[in-house]
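Hi everyone, thanks for coming. Please have a look at the structure on the screen, and then I'll walk you through a few of its aromatic rings and helices.

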Amino acid sequence: MLKSMTSFISNQYAAVLFTMDQDHITRLMWMSSLFMMAFVVMLMPAYYFDTRLLEGSSVWAKPIKFSLSFAMHFFTLALLAQQLEIKLRTGFLLKLFSYLAVGSMLFEIIYMSIQSGRGRRSHYNLETTYEMLMYILMGVGGTLLVTISFILGVMIWKHSKSKGSNQGLFFGSVIGLVSGSVLTLVAAGYMSSTMSHLVGDTVNNVNSVPLMGWSRSVGDMRISHFLSTHLMQILPLIGWLCDHYRLPAKRVVLISSFILISISLWTLITALLGKPLY
């Protein structure tokens, strides 16, 4: 058992967790992920001791969920970016959008936390001029956060070191980052245009999925948003597993991509029809 675990950890992909290049872009993304995890720890006491509710959930639920999502997002970027040569990874394009993405992350999480402390909404809030301006800026920030993943996906497609030898990781990274970015923007765009993530009669809409908060009474576009965003982690992971266990990587990743993208689109259409998934 110990020998098997040692062999697994020494695998070239698993080892990248501990041997990521120490260039400043990798450190920026990796430290951003760790910072968001630390932020979750900071917010947990507020979550447990502050009993105020906002739209049926703890006022601190949103910044905690976003912190976890941001942590996963930047860890994914740091890990998948290792497929690029250092010269490309630290080049002007990726450097520019990496710093813009990190700045957007800090802006969004700080503003969400301030609004949570005030007991006010950060999203879909146009009640004051200040909140309307901040909501617009959050939209810009959200776009930049997925632009970096789209750019990284395209760069891996063009310049990946693993293109020939590790096709599962290559195809999973490219399809996951590019399709996840595009579908996330589509779902977020619909929610922003309607100023709500719910579609249907939301009166007394208190029936929701535990932890996630998704509505079980009306259509909820957050389900599609969630699935779309996490294509960026799921598909590279599937590809990595295919490479590790010597499965037909390209075929498995392409079939998995078709299924998962179809589910993401189906949940969005279902929500737009005002129908709950559960």
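Let me start with F75, which is partly exposed, as its relative accessible area is 24%. For that word, buried means under 20% relative accessible area, exposed means over 50%, and partly exposed is in between, using a 1.4 Å probe and protein chains only. Before going on, a word on the source: this is a predicted model, where local features need pLDDT of at least 70, side-chain atom pairs count only at pLDDT 80 or more, and totals for chains, interfaces and linings use all residues. Residues are numbered from 1 along each chain as its sequence is written, and side-chain values use heavy atoms, with hydrogens and water left out.

Now the overall picture. The protein has eleven helices and four strands; these are DSSP runs, with helices being H or I of at least four residues and strands E of at least two, numbered from the N terminus. Of its 278 residues, 45% count as buried.

How many aromatic pairs does a search of the whole structure find? It finds nine. Rings of Phe, Tyr and Trp (its six-membered ring) pair if their centres lie within 6.5 Å; planes under 30 degrees apart are stacked, over 60 edge-to-face, and the rest tilted. F75 belongs to one such pair, with W30: the ring centres are 5.4 Å apart and the planes are at 50°, so this pair is tilted. W30 sits in helix α3 (residues 24-49) and F75 in helix α4 (residues 61-80), so the pair links parts of the chain 45 residues apart. W30 is also partly exposed, at 29% relative accessible area.

A second pair is Y111 with Y130, which is edge-to-face, at 6.1 Å centre to centre and 75° between the planes. Y111 lies in helix α6 (residues 92-118) and Y130 in helix α7 (residues 129-159), so this pair ties together parts 19 residues apart in sequence. Is each of them buried or exposed, or in between? Y111 is buried, with 2% relative accessible area, whereas Y130 is partly exposed at 42%. Together with F107, these two tyrosines form one aromatic cluster.

Back to α3 and α4, the helices of our tilted pair. They pack at an angle of about 160°, with their axes 8 Å apart. Axes here are lines fitted to C-alpha atoms, for helices over the stretch in contact, and angles run from 0 to 180 degrees between N-to-C directions. That makes α3 roughly antiparallel to α4, given that angles under 35 degrees count as roughly parallel, over 145 as roughly antiparallel, 65 to 115 as roughly perpendicular and the rest as oblique. Among the residues that meet (contact means heavy atoms within 4.5 Å) are W30 and M36 in α3 and F74 and F75 in α4. The contact has 19 nonpolar, four polar and no charged residues. Here Ala, Val, Leu, Ile, Met, Phe, Trp, Tyr, Cys and Pro are nonpolar, Asp, Glu, Lys and Arg charged, and the others, Gly among them, polar.

Finally, compare helix α8 (residues 167-194) and helix α11 (residues 249-272), whose axes come within 9 Å and cross at roughly 10°. These two helices are therefore roughly parallel. Their contact includes F171 and I175 of α8 and L254 and I261 of α11. By class, it has twelve nonpolar, six polar and one charged residues.
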